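Trainee: I've got the sequence and the model open on my screen. Walk me through how these labels are earned, please.

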Amino acid sequence: MPSRLQQYQDTYRSLAAELAQIGFIRPGSLVSRTTSCGKPGCRCQGDPPQRHGPYYQWSRAIAGKTISRRLNESEADLYRDWIANWHHLEQITQMEEVSAAAAEILLRQSNPHQDLQDLQEHQSMSTQVGGRRAIEKCGTSARSGAITLKTALLP
Ligand SMILES: [Zn+2]
């Protein structure tokens, strides 16, 4: 069974491959509507009614304002693809969460003595020895400094 890190790496690689293939993107949404004009005798008033349209409109909110654009059928087809790509991109940006999870594993691996269990042991040892330990640490390596910082961050 692959390790958790290996799984994250595989997921990341496949997301990156999807990103490499993605087409143009447009955020926003596409609506189509049909209308009735109200003119007597028009087909839209018939039985059954044949409404006008469909008419397409792409719209997008920017800084609290909605901008929109009217589209014909073939333009609407283009927008449909671009908007789908936009939603796909939102899924691909899970790359960030995958990276964060993988980063935690890699950081722990690069500092094997700093995993949580060791840190807890280290803390109880500090409590026993009291202030002396803190003094011992002054002027030691950057690594001890990192441990001190991590300890300080715990509640
Ligand atoms: Zn009509």
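**Checking the labels**

Trainee: Which residue of strand 2 stands opposite Val31?

Mentor: Gln57 does. Bear in mind that this is a predicted model, where local features need pLDDT of at least 70, side-chain atom pairs count only at pLDDT 80 or more, and totals for chains, interfaces and linings use all residues. Residues are numbered from 1 along each chain as its sequence is written.

Trainee: How do you know that strand 1 and strand 2 pair?

Mentor: Strands are DSSP runs of E with at least two residues, helices are runs of H or I with at least four, and both are numbered from the N terminus. Two strands pair if DSSP finds at least two bridges between them. Strand 1 (residues 29-35) and strand 2 (residues 52-62) have 6 bridges and run antiparallel, so they pass the test. Ser32 and Tyr56 are bridge partners too.

Trainee: What makes strand 2 and strand 3 a pair?

Mentor: The bridge test again: they have 7 bridges, in the antiparallel sense. Ser59 faces Ser68 of strand 3 (residues 65-71). The two strands form a hairpin with 2 residues between them.

Trainee: What is odd about Ala63 in that turn?

Mentor: Ala63 isn't a glycine, yet its phi is positive, about 50°. Most residues other than glycine have a negative phi, and most peptide bonds are trans. The second half of that rule has exceptions here as well: Asp47 and Pro48 are joined by a cis peptide bond with omega of about 5°, and Gly53 and Pro54 by another at about 10°. Pro48 sits in the loop between strand 1 and strand 2, while Pro54 is in strand 2.

Trainee: Why are strand 1 and strand 3 called edges?

Mentor: The 3 strands form an open, antiparallel sheet in the order 1-2-3. Strand 1 and strand 3 each have a single partner strand, so one side of each lacks a neighbour in the sheet. Neighbouring strands are turned by 30° against each other on average, direction ignored. These angles are taken between axes, lines fitted to C-alpha atoms (for helices over the stretch in contact), and run from 0 to 180 degrees between N-to-C directions.

Trainee: What packs on the sheet?

Mentor: Helix 2 (residues 73-92) packs there, touching strand 1, strand 2 and strand 3, with its direction at about 150° to that of strand 1. Touching means contact: C-beta atoms, placed from the backbone, lie within 7 Å.

Trainee: Is Asn85 of helix 2 buried or exposed?

Mentor: Partly exposed. Buried takes 20 or more other C-beta atoms within 10 Å of a residue's own, exposed is 12 or fewer, and partly exposed is in between, with C-beta atoms placed from the backbone. Asn85 has 18, so it falls in the middle class. Ala84, also in helix 2, is partly exposed with 14. Ala63 is exposed because its count is 4.

Trainee: Which residues does Asn85 touch beyond its close sequence neighbours?

Mentor: Ile22, Gly23, Phe24 and Ile25, leaving out anything up to four places away in sequence. Arg26 is 59 residues from Asn85 in sequence, but their C-alpha atoms are 7.5 Å apart.

Trainee: How do you know that helix 1 has the span expected of a helix?

Mentor: The expected span is 1.5 Å times one less than the number of residues. Helix 1 (residues 4-21) has 18 residues, so 26 Å is expected, and its end C-alpha atoms are 26 Å apart, which agrees. Helix 1 is hardly covered, though, with 1 buried residue. Across the 155 residues of the chain, 2% count as buried.

Trainee: What makes one part of the model more trustworthy than another?

Mentor: Look at pLDDT, the predictor's confidence in each residue, from 0 to 100. The chain's mean is 81, and 72% of its residues reach 70 or more. Helix 2 is highest at 97, and helix 6 (residues 142-153) is lowest at a mean of 40. Over residues 125-155 pLDDT stays under 50. Where pLDDT is low, the predicted coordinates should not be read in detail.

Note on methods:
Contact = placed C-beta atoms within 7 Å.
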